[in-house]
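The following exercises concern a ligand site, a helix and a loop residue. Please attempt each task before reading its solution.

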Amino acid sequence: MSQRKPRIFSGIQPSGEMHIGNYLGAVRNWVGLLDEFDAFYCIVDLHAITVPYDPGDLEQRVLDLAVGLMASGLDPERCTLFVQSAVPEHAELQWLLGTVTPLGELQRMTQFKDKSRHLDSVNTGLLTYPVLQAADILLYLGEHVPVGEDQRQHLELTREIARRWNARFGDYFPEPQPLILPQGRRILGLDGASKMSKSQDNTIPLLAEPEDLRALVRTAVTDPARVRKDDPGNPHVCNVFALHGHFSPSAERDDIEILCQTAGIGCVDCKNRLSDNLAGALAPVRDRARELAEQPGRVQEILAAGAARARGVARDTISEVRERMGLGSPSP
Ligand code: AQP
C-alpha cells in the first residue's frame, strides 16, 4: 500500500520580478522536493499587499510569477500551484488563529521591525503578516516548510500558534518543521551588502535578457578595498565572486579566485565572465518562460486547477477548526 507523502507548504510574494535570490534560495530547492513531498506552492498575493503596491499591476505580476515558477521547474502536475487569494479560507483561518496569537510576539518580529521602520504609517497587515503565514501553512496541515534563514523566526511563531491552538481546542495541527536546505543561503543584492530583494531594487531578475544581465552585473559592488585594476582583490568579500560560485564551472571559479588575488583579472572582466555564465545557465529557464508567457490562458487554467485542489483540503481543515472552536459548520 502506498504511504501518503508528507505535506509541505511554501509561498512567494508577487511583489516584483522573481530574482536569482528567490531562485537559488527557494524555488530551485522547491523543485528538488517534488518527488518526496506532497507540495503546496502558493503565490501569496495577500501578503504582497501589506506594502505599497499598484493594484493595476497585481494580476499581471501574479501571472508573471506563475510563469517564472513553472519555467524554473515547478511542474504543476507534480505539485499544487495556486494563488492565495483564490482560497478564501486562508483569510478565515488567519482570523481564527489571531485569537490565540500574543500581540507581543508579533511586535518583536524582525521583519515587522525592519519593514515598519521605513514607513510613516504602519498598517495592521504588516503586523499580522506572520499570522497569515501560520494560516497558510496550517490550513494544509503542513508538516515541513522549506524556508530561507530569514523566515526561521516566523516559522517558530507558526509552531507557537499551533501549540497554543492545540492546547485550547485539542490536538489537531502539526507543529511544522523547518526544512532549511543547505543551498538555501541568503543571496546578496547588487549592492553586495543587503539581501537581494524585490522591493530594494538591487536584484538580478531571473528572466532578464543577456544584454540586460550584463548591464546589471556591471553595476554590482565588488571588493570595496580594490580601487584600481592592479590592486590585488579579496574574492571572499566580493559578491560577484560569490555569484560565480553559483553559476560558473568550478574550474573557472578557482581560476578567477587566483587571478583576482594576484590582480591578474580586473573587476570588469570578472563581471563579464559572470554575465556570460549567468546568461548561459538561465537560458533554458528564459526559453520555457517565453513559451508559457505566450499562453496566459493555459497558465490561468493551471492556477485555477491548483486553487480547486487546495480549496478541497482547506475546506476540510476549516470545518474541523470551526467545529472545535464552537462555530459550527460553514454555510454551504
Ligand atoms: N536574497 C535571497 N536569498 C535567498 N533566498 C531568498 N528569498 C528571497 N530573497 C532571497 C527566498 O525566496 C522565497 C520567496 O520570498 P518572498 O517573495 O516571499 O519574500 P522575500 O523573502 O521578502 O523576498 P524579497 O525578494 O525580499 O521580496 P520583498 O522585497 O517583497 O520583501 C522565500 O523562501 C525567501 O526566503
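Three exercises with worked solutions follow, and they refer to a predicted model.

**Exercise 1. The ligand site**

Determine which residues come nearest to the ligand, which polar contacts the ligand makes, and how the shell around the ligand is composed.

Solution.

Step 1. Begin with the residues around the ligand, of which there are 20; S15, H19, S197, K198 and S199 come nearest.

Step 2. Next, search for pairs of N or O atoms within 3.5 Å. An oxygen atom of the ligand has a polar side-chain atom of K198 at 2.3 Å. For the nitrogen atoms of the ligand, the partners belong to the backbone: an N or O atom of M196 lies at 2.9 Å, and a polar atom of G21 lies at 3.4 Å.

Step 3. Then consider the cover. On its own the ligand has 640 Å² of accessible area, and the protein covers 95% of it.

Step 4. Assign the shell to secondary structure. Two or more residues each are given by β1 (7–12) and α1 (20–32). The largest share, four residues, comes from α1.

Step 5. Finally, sort the shell by class: ten residues are polar, six are charged and four are nonpolar.

**Exercise 2. Helix α3**

Compare the span of α3 with its expected value, list its buried residues, and describe what lies at its two ends.

Solution.

Step 1. Helix α3 covers residues 55–71, which gives 17 residues. The expected span is 1.5 Å times one less than the number of residues, and this amounts to 24 Å for α3. From first to last C-alpha the helix reaches 25 Å, close to that expectation.

Step 2. Apply the burial criterion of under 20% relative accessible area. The buried residues of α3 are L58, V62, L63, L65, A66, V67, G68, L69, M70 and A71.

Step 3. At the N-terminal end, D54 acts as the cap, with a side-chain oxygen 2.9 Å from the backbone nitrogen of G56.

Step 4. After the helix comes G73, which has a positive phi near 115°.

**Exercise 3. Residue T101**

Locate T101, decide whether T101 is buried or exposed, and identify its partners.

Solution.

Step 1. T101 belongs to the loop that lies between α4 (89–98) and α5 (103–107).

Step 2. The relative accessibility of T101 is 12%, so T101 counts as buried.

Step 3. A polar atom of the T101 side chain lies 2.8 Å from the backbone oxygen of L97.

Step 4. When neighbours within four places in sequence are set aside, T101 is in contact with L106, V131 and I161.

Notes:
Residues numbered from 1 in each chain as written. Predicted model: local features only at pLDDT ≥ 70, side-chain atom pairs only at ≥ 80, totals over all residues. Heavy atoms only, no water. Near = heavy atom within 4 Å. Polar contact = N/O pair within 3.5 Å; in protein donor to acceptor, adjacent residues only side chain to side chain. Areas by Shrake-Rupley, 256 points an atom, 1.4 Å probe, with all protein chains shown as cover. Nonpolar A, V, L, I, M, F, W, Y, C, P; charged D, E, K, R; others polar. Buried < 20%, exposed > 50% of the residue type's maximum accessible area, 1.4 Å probe, protein only. Contact = heavy atoms within 4.5 Å.
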